[in-house]
Every structure is written in C-alpha cells, then in structure tokens.
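The report that follows goes with the sequence and the three-dimensional structure shown here. Please keep both in view while reading.

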Amino acid sequence: MPNLVLEYSNSADERINVQGLLEDLHEVTMKCGLFDVDSVKSRSLRCHNWLVGEEGDNVDFIHISFELLSGRTEEQKRDLSRKLMEVLQQQASHIRSLTVNIRDMDKSCFQKVIN
C-alpha cells in the first residue's frame with residue numbers, strides 16, 4: 001500500500017535523471033522489509049509553478065511524500081526516511097532543497113479496490 005510521490009521543480013528535471021532516481025527510491029522501498037513488494041507504488045510529479053520564501057521560483061527542490069498505513073514504529077519510519085534521503089543526497093546533492101516526509105494513513109478510513 002505505500003505510496004511514494006516524488007515532487008520536483010522543473011528546474012531540477014534538467015539537472016537530474018528523474019526516472020533513475022524514482023527507480024532507485026522505489027527499490028529502497030521494496031527492499032526495506034516493511035511492505036509487500038507488490039503493493040509498493042511510486043510516481044513522480046513535475047512542478048511547473050512553485051514559490052519558496054522570498055526567492056520565489058529561484059530555489060529548485062525535490063520533495064518525497066511517503067504515505068503508508070499506520071502500524072509501523074517510529075524507528076522503522078525514521079530508518080526508511082534516512083534511506084530515502086541517502087539516495088536523494090547521492091543523486092541530487094546539487095539540488096538546493098531535499099526533503100522527505102513520511103505520513104501514516106488511518107487504516108479504518110483507507111479504501112482500496114483492485115480489479
């Protein structure tokens with residue numbers, strides 16, 4: 001069930017291999033041992049419009065939003081966050097802002113249909 005969403009400024013797209021980065025982040029998620037491999041979903045979203053503080057769109061960024069069903073420990077989530085950030089730093093250290101946010105989803109409210 002985990003969803004990894006890689007958001008990035010279109011200026012970052014010119015400086016990194018987005019598909020390669022997404023594949024490596026996806027691999028980290030599949031190998032972390034917290035999820036059924038077939039349930040891992042990863043995607044990227046290129047941002048054409050963004051603003052950061054007073055510098056506006058002069059700051060390039062990559063942000064990972066990672067949503068997972070509740071039930072993992074804080075330590076497990078911190079470890080996953082660190083592993084994802086390691087990949088970001090290895091491949092995109094020249095991007096000014098790199099961030100990762102892991103967020104629990106409420107199991108009682110989550111709905112899923114597979115056809």
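Is Trp50 buried or exposed? In this predicted model, Trp50 is buried, because its relative accessible area is 12%, and a residue counts as buried under 20%. The residues around Trp50 are taken up again below, after a description of the chain as a whole.

**The chain as a whole**

The protein chain has three helices and four strands, and when it is read along the sequence these elements follow the pattern β-α-α-β-β-α-β. The C-alpha trace spans about 40 × 30 × 25 Å along its principal axes. For 115 residues, a compact globule would have a radius of gyration near 13 Å, and the 15 Å of the protein chain agrees with that expectation.

Of the 115 residues in the protein chain, 40% are buried. Among the contacts with a separation of 6 or more, 78% are accounted for by residues that lie 24 or more positions apart. The accessible surface of the protein chain comes to about 7,100 Å², and carbon and sulfur atoms hold 44% of that surface. As for charge, the protein chain carries 14 positive and 19 negative side chains, with the centres of the two sets 5 Å apart.

**Aromatic pairs**

A pair of aromatic rings is described by the distance of the centres and the angle of the planes. With ring centres required to lie within 6.5 Å, the count comes to two aromatic pairs, which are set out in the table.

| Pair | Centre to centre | Angle between planes | Geometry |
|---|---|---|---|
| Phe35 and Phe66 | 5.9 Å | 40 degrees | tilted |
| Trp50 and Phe61 | 5.9 Å | 70 degrees | edge-to-face |

Phe35 lies in the loop between α2 (18–31) and β2 (41–47), whereas Phe66 belongs to strand β3 (residues 61–69), so their pair ties together parts that are 31 residues apart in sequence. Phe35 and Phe66 are both buried.

The pair of Trp50 and Phe61 also links distant parts of the chain, since Trp50 sits in the loop between β2 and β3 while Phe61, eleven residues apart from Trp50, sits in strand β3. Phe61 is buried, with a relative accessible area of 13%, and Trp50, at 12%, is buried as well.

**Asp57, in the loop that also holds Trp50**

Asp57 lies in the loop between β2 and β3, where Trp50 is also found. Asp57 is partly exposed, with a relative accessible area of 48%. When residues up to four places away in sequence are not counted, Asp57 touches Trp50 and Leu51. Between the C-alpha atoms of Asp57 and Tyr8, which are 49 residues apart along the chain, the separation is 12 Å.

**Leu4 and Met1, at the start of the chain**

Leu4 is found in strand β1 (residues 3–9), and it is buried, with a relative accessible area of 0%. Although Leu4 and Ser65 are 61 residues apart in sequence, their C-alpha atoms are 5.9 Å apart in space. Not counting residues up to four places away in sequence, Leu4 touches a set of residues that includes Leu22, Leu25 and Thr29, as well as Lys41, Ser42 and Arg43, and also Ile64, Ser65, Phe66 and Leu84. Phe66, named here as a partner of Leu4, is also a member of the tilted aromatic pair with Phe35.

Met1 has its place in the segment before β1, and with a relative accessible area of 10% it is buried. Met1 and Phe35 are 34 residues apart in sequence, with their C-alpha atoms 7.5 Å apart in space. Once its neighbours within four places in sequence are left aside, Met1 is in contact with Ser39, Lys41, Glu67, Leu69, Met105 and Phe110. Lys41 is thus named among the contacts of Met1 and also among those of Leu4.

Technical notes: Residues numbered from 1 in each chain as written. Predicted model: local features only at pLDDT ≥ 70, side-chain atom pairs only at ≥ 80, totals over all residues. Heavy atoms only, no water. Helix = DSSP H or I, 4+ residues; strand = E, 2+ residues; numbered from the N terminus. Rg over C-alpha atoms; globule rule 2.2 N^0.38 Å. Buried < 20%, exposed > 50% of the residue type's maximum accessible area, 1.4 Å probe, protein only. Contact = heavy atoms within 4.5 Å. Areas by Shrake-Rupley, 256 points an atom, 1.4 Å probe, with all protein chains shown as cover. Lys, Arg positive; Asp, Glu negative; His and termini not counted. Charge placed at Lys NZ, Arg CZ, Asp CG, Glu CD. Phe/Tyr/Trp six-rings, centres within 6.5 Å; stacked < 30°, edge-to-face > 60°.
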